[in-house]
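Here's a quick briefing to read with the model open in your viewer. Have a look at the fold, then go through the points below.

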Amino acid sequence: MSGRSDDNRLAGTDRPLWTRRRLGVAVLAAALTLEPLAAWAQTQIYDARTKKWVNYDKKKARQYFARNNQLPEAFRRQVVTFRTAEQPGTIIIDGNQHFLYLVQPGGQAIRYGIGVGREGFGWAGIVRVGRTAEWPTWTPPAEMVARDPNAAKWAAGMPGGPDNPLGARALYLYEGDQDTIYRIHGTVEPWTIGLDVSSGCIRMNNDDVIDLHSRIEIGAKVIVLMQGAALYKGV
């Protein structure tokens, strides 16, 4: 795998698609684990006009989306060169760079921009797609109900639809036969792609999660890499 986004280019252009993370805390972990991770960093994107790296935070992301009605180039769906020993159909999530890769034949992958867990809610591990749903019902976990009044009113479940936080599709992640409570899902806030914003789930814009859902099989392997430490040499 090549996790270096500066090696990846949008088909039909010569413009590099760059993102990076400026680390504030070192990651002291050598193995994948489903335990929460505590290392975080500032997301930055490369501004081709000014030829400078700029911080990409919630305010700037919202402004960019309002101005352009789309995400920065780096977070738009595209086919990239991707070296890995994993089989086609495997999902590899680099939360540090805010990319989800769907491995394809011939040393390629479809790369999608994602939003990931905010500080204290990141995780890593090897799981699988246990089931999927179209316009899924959102049932917040008990921990979220306890801390979030907005979630509490939907403790019995919020029906699927355009206002549902899970968006248009959801892939439910399992460890063995156990639901991890984490999902890959759509969002009603597409400007949050590229940010650390969720309670641990992986969010995508609705067009992208519909595309991923159409390609994925139940049982597909999902590798979630450690946030705070970009993986450059592959899995």
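Let's start inside the sheet, at β6: Ile91 and Ile93 point one way from this strand, Ile92 and Asp94 point the other way, and all are buried. Keep in mind that this is a predicted model. From β6 we'll work outwards to its partners, then to the whole sheet, the pocket and the overall numbers.

**β6 and its two partners**

- On one pairing, β6 and β7 run antiparallel, joined over 4 bridges.
- Ile92 of β6 sits opposite Tyr101 in β7.
- The hairpin of β6 and β7 has 4 residues between the strands, and His98 there takes a positive phi near 65°.
- The other pairing is parallel: β6 (residues 91–94) meets β16 (residues 221–224) over 3 bridges.
- Two residue pairs let you check that register by eye: Ile92 has Ile223 as its bridge partner in β16, while Ile93 stands opposite Val224 in β16.
- So what is the general rule behind the two senses? Strands of a sheet pair through backbone hydrogen bonds, either parallel or antiparallel.

**Further along the sheet**

- β16 also pairs with β11 (residues 125–134): the two run antiparallel and 4 bridges join them.
- Within that pairing, Val127 has Val222 of β16 as its bridge partner.
- β7 (residues 99–104) pairs with β8 (residues 108–113) in the antiparallel sense, over 6 bridges.
- A handy marker for this pairing is Phe99, which stands opposite Gly113 in β8.
- Put together, the open sheet has 9 strands with mixed pairing, in the order β5-β8-β7-β6-β16-β11-β12-β13-β15.
- Its edge strands are β5 (78–81) and β15 (202–203), each of which pairs on one side only.

**Pro105, in a loop**

- Pro105 lies in the loop between β7 and β8.
- Buried or exposed? Pro105 is exposed, because its relative accessible area is 57% and the cut-off for exposed is over 50%.
- Pro88 is 17 residues away from Pro105 along the chain, yet their C-alpha atoms are separated by 5.7 Å.

**The largest pocket**

- If you're thinking about pockets, the largest one has a volume of about 950 Å³.
- It is lined by 36 residues, and the closest to its centre are Trp138, Pro141, Met144, Pro165 and Ser199.
- Which elements give two or more residues to this lining? They are α2 (142–147), α3 (149–152), β13 (178–185) and β14 (196–198).
- β13 gives the most to the lining of the largest pocket, with 4 residues.
- By class, the lining residues of the largest pocket divide into 16 nonpolar, 10 polar and 10 charged.

**The whole protein in numbers**

- The protein has 4 helices and 16 strands.
- Of its 235 residues, 48% count as buried.
- The accessible surface of the protein comes to about 11700 Å², and 50% of that belongs to carbon and sulfur atoms.
- Take the contacts between residues at least 6 apart in sequence: 64% of them join residues at least 24 apart.

Note on methods. Residues numbered from 1 in each chain as written. Predicted model: local features only at pLDDT ≥ 70, side-chain atom pairs only at ≥ 80, totals over all residues. Heavy atoms only, no water. Buried < 20%, exposed > 50% of the residue type's maximum accessible area, 1.4 Å probe, protein only. Contact = heavy atoms within 4.5 Å. Areas by Shrake-Rupley, 256 points an atom, 1.4 Å probe, with all protein chains shown as cover. 1 Å grid on protein atoms, 1.4 Å probe; cavity = no way out; pocket = protein on both sides within 12 Å on 5 of 7 lines; lining within 4 Å. Points joined across faces, edges and corners; volume = space filled by probe spheres on them. Nonpolar A, V, L, I, M, F, W, Y, C, P; charged D, E, K, R; others polar. Pairing = 2+ DSSP bridges.
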